[in-house]
Structure formats: structure tokens, C-alpha cells
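Please look over the protein shown here before reading the exchange beneath it.

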Amino acid sequence: MFGLFGKKPDFMTLLQEAKETKNAVVIDVREPDEYMQGHVPGSINIPTSQINAVKYEKDTPLYLYCLSGGRSKMAMGFLEQKGFQNVKNMGAIGQYRGELEK
């Protein structure tokens, strides 16, 4: 989970990893109104309150983010409890450097 020297990979590093990972899915776990205000291009919206609706295979690489990283951390824990084996918390969308999609 941690990179070199105990430092977590940052948002942009994880986003690049997701782009390079076969079948990876980037999920914005914020509420739909937050998602519509601007989201990472190519991400899908599954709010934390509906994370149990995730229908991917248990080994699908899932990359989660939200406003501060808290909800995505909770969603990651829930998915791991459900048997998902490859879930990563990207953290806060505020760390994203690029144009947001609306």
C-alpha cells in the first residue's frame, strides 16, 4: 500500500497507474451533484451510499476517490470486506492536476 520510504503514492501517480492497468475502473464515490460539478475524465460515479451496487469481478482493479479521501477510504474498506482484492484509495480530487469533466 505504501511506496518507498513509507510514503503513499499520490493521486496523479495512482491515476496514471489506473490508465496503464488493464480493465481498471476509476470510481468517484462522491454524491451525484458533486460529481456533476466536475470529475476526473473517464471516471464513473458510484456514491459511497450505493457502493454495494458495484458489479465488477472481485479481481477488477478499482481506483476510488472523493473530496477529501475519507469516503473513498470507507468505500475501499467495504469493498475489501466484500472480497474485492485490488482496491486503491486515490484520495482527494483536489490533488488532481488537469481539466475536470462536467
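The questions and answers below go from the overall fold to the core.

Reader: What should I know about the model and its numbering before I start?

Author: This is a predicted model, in which local features need pLDDT of at least 70 and side-chain atom pairs count only at pLDDT 80 or more, while totals for chains, interfaces and linings use all residues. Side-chain values use heavy atoms, with hydrogens and water left out, and residues are numbered along each chain as its sequence is written, starting from 1.

Reader: In what order do the elements of the protein run from the N terminus on?

Author: The protein has 3 helices and 4 strands, taken as DSSP runs (helices H or I, at least four residues; strands E, at least two) and numbered from the N terminus. From that end on, their order is α-β-α-β-β-α-β.

Reader: Which residues have the most contacts inside the largest nonpolar core?

Author: A nonpolar core is a set of buried Ala, Val, Leu, Ile, Met, Phe, Trp, Tyr and Cys residues joined through side-chain atoms within 4.5 Å, where buried means under 20% relative accessible area with a 1.4 Å probe, protein chains only. The largest one has 14 residues, and strand S1 (25-28), strand S3 (62-66) and helix H3 (70-81) each supply at least two of them. Those with the most contacts inside this core are Leu62, Leu64 and Leu79.

Reader: What share of the residues of the protein count as buried?

Author: In soluble globular proteins, nonpolar side chains tend to be buried together. Here, apart from the largest core, lies another of 11 residues, among them Tyr63, Tyr65, Ile93 and Tyr96. Of the 102 residues of the protein, the share that counts as buried is 40%.

How values were computed: Buried < 20%, exposed > 50% of the residue type's maximum accessible area, 1.4 Å probe, protein only.
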